[in-house]
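Colleague: Got a minute to walk me through this one? I'd like to start with the polar details.

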Amino acid sequence: MDELIYTLKTQIIEALSLEEITPEDIEDDAPLFGQGLGLDSIDALELIVLLDKNYGIKLKNPAESKSIFASVRTIAHYVAENRTK
């Protein structure tokens, strides 16, 4: 799981062009939206594309994505259970 979390952090930084941030700067359980990384709804769309492209996960329900994108750890758990790639 730790390797997946680190990979996801790297992919999030790359997908969202967060050049000033390293994977070590992102806490596993820190909120991604609001406080924490301070992501917004456009960033959420980028994360949905990232999950589809890299893991074959298609998120159709916006309410579902809110709980999945709570932190990097929650994304990692969802990916581990639902990936098709």
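Modeller: Sure. One polar contact to begin with: the Asp43 side chain reaches the backbone nitrogen of Asp40, at 3.0 Å. Keep in mind that this is a predicted model.

Colleague: Where is Asp43 found?

Modeller: Asp43 is in helix α2.

Colleague: And what is the nearest side chain of opposite charge to Asp43?

Modeller: That is Lys53, 14 Å away. Asp43 is buried, yet it has no salt bridge.

Colleague: Remind me, when can side chains pair by charge?

Modeller: Side chains of opposite charge can pair when their charged atoms come close. For a salt bridge here, the nitrogen and the carboxyl oxygen must be within 4 Å. Lys53 is 14 Å from Asp43, so that pair does not count as a salt bridge.

Colleague: OK, how many salt bridges are there in the whole structure?

Modeller: A search finds four. One of them joins Lys9 and Asp28, with the closest N and O atoms 2.6 Å apart. Lys9 sits in helix α1, residues 2–15. Asp28 is in the loop between α1 and α2, 19 residues away along the chain.

Colleague: Is Lys9 buried or exposed?

Modeller: Lys9 counts as buried, because its relative accessibility is 7% and the cut-off for buried is under 20%. Asp28 is at 23%, so Asp28 counts as partly exposed.

Colleague: What does Arg73 pair with?

Modeller: Arg73 forms a salt bridge with Asp29. Their closest N and O atoms are 2.7 Å apart. Arg73 lies in helix α4 and Asp29 in the loop between α1 and α2, so this pair ties together parts 44 residues apart in sequence. Arg73 is partly exposed at 27% relative accessibility. Asp29 is exposed at 53%.

Colleague: Any other pair?

Modeller: Yes, Lys58 and Asp52 meet in a salt bridge, at 2.9 Å from N to O. Lys58 is exposed, at 55% relative accessibility. Asp52 is partly exposed, at 29%.

Colleague: Which residues are joined into one network?

Modeller: Lys9, Asp28, Asp29 and Arg73, through salt bridges that share partners.

Colleague: Switching to α1. What span should its 14 residues have?

Modeller: They should span 20 Å, at 1.5 Å a residue. The end C-alpha atoms of α1 are 20 Å apart, so the model agrees.

Colleague: Which α1 residues are buried?

Modeller: Leu4, Ile5, Leu8, Lys9, Gln11, Ile12 and Ile13. An α-helix has 3.6 residues a turn, so residues three or four places apart point the same way. The buried residues of α1 pack against α2 and α4.

Colleague: What comes after α1?

Modeller: Ser17 follows α1, and its phi is positive, near 50°.

Colleague: Now the largest nonpolar core. Which members touch the most others?

Modeller: Leu8, Leu51, Tyr55 and Ile75, out of 23 residues. The elements giving two or more residues to this core are α1, α2 and α4.

Colleague: What does Leu51 touch?

Modeller: Leaving out residues up to four places away in sequence, Leu51 touches Gly56, Ile57, Leu59, Phe69, Ile75 and Val79.

Colleague: Last one. Where does His77 lie?

Modeller: His77 is in helix α4. At 37% relative accessibility, His77 counts as partly exposed. The C-alpha atoms of His77 and Ile5 are separated by 8.9 Å, though these residues are 72 apart along the chain.

Technical notes: Residues are numbered from 1 along each chain as its sequence is written. This is a predicted model: local features need pLDDT of at least 70, side-chain atom pairs count only at pLDDT 80 or more; totals for chains, interfaces and linings use all residues. Side-chain values use heavy atoms; hydrogens and water are left out. Helices (H or I, at least four residues) and strands (E, at least two) are DSSP runs, numbered from the N terminus. Buried means under 20% relative accessible area, exposed over 50%, partly exposed in between (1.4 Å probe, protein chains only). The expected span of a helix is 1.5 Å times one less than its number of residues. Contact means heavy atoms within 4.5 Å. A nonpolar core is a set of buried Ala, Val, Leu, Ile, Met, Phe, Trp, Tyr and Cys residues joined through side-chain atoms within 4.5 Å. Lys and Arg count as positive and Asp and Glu as negative; His and the chain ends are not counted. A polar contact is a pair of N or O atoms within 3.5 Å; within protein, one must be able to donate a hydrogen and the other to accept it, and residues adjacent in sequence count only if both atoms are side-chain atoms.
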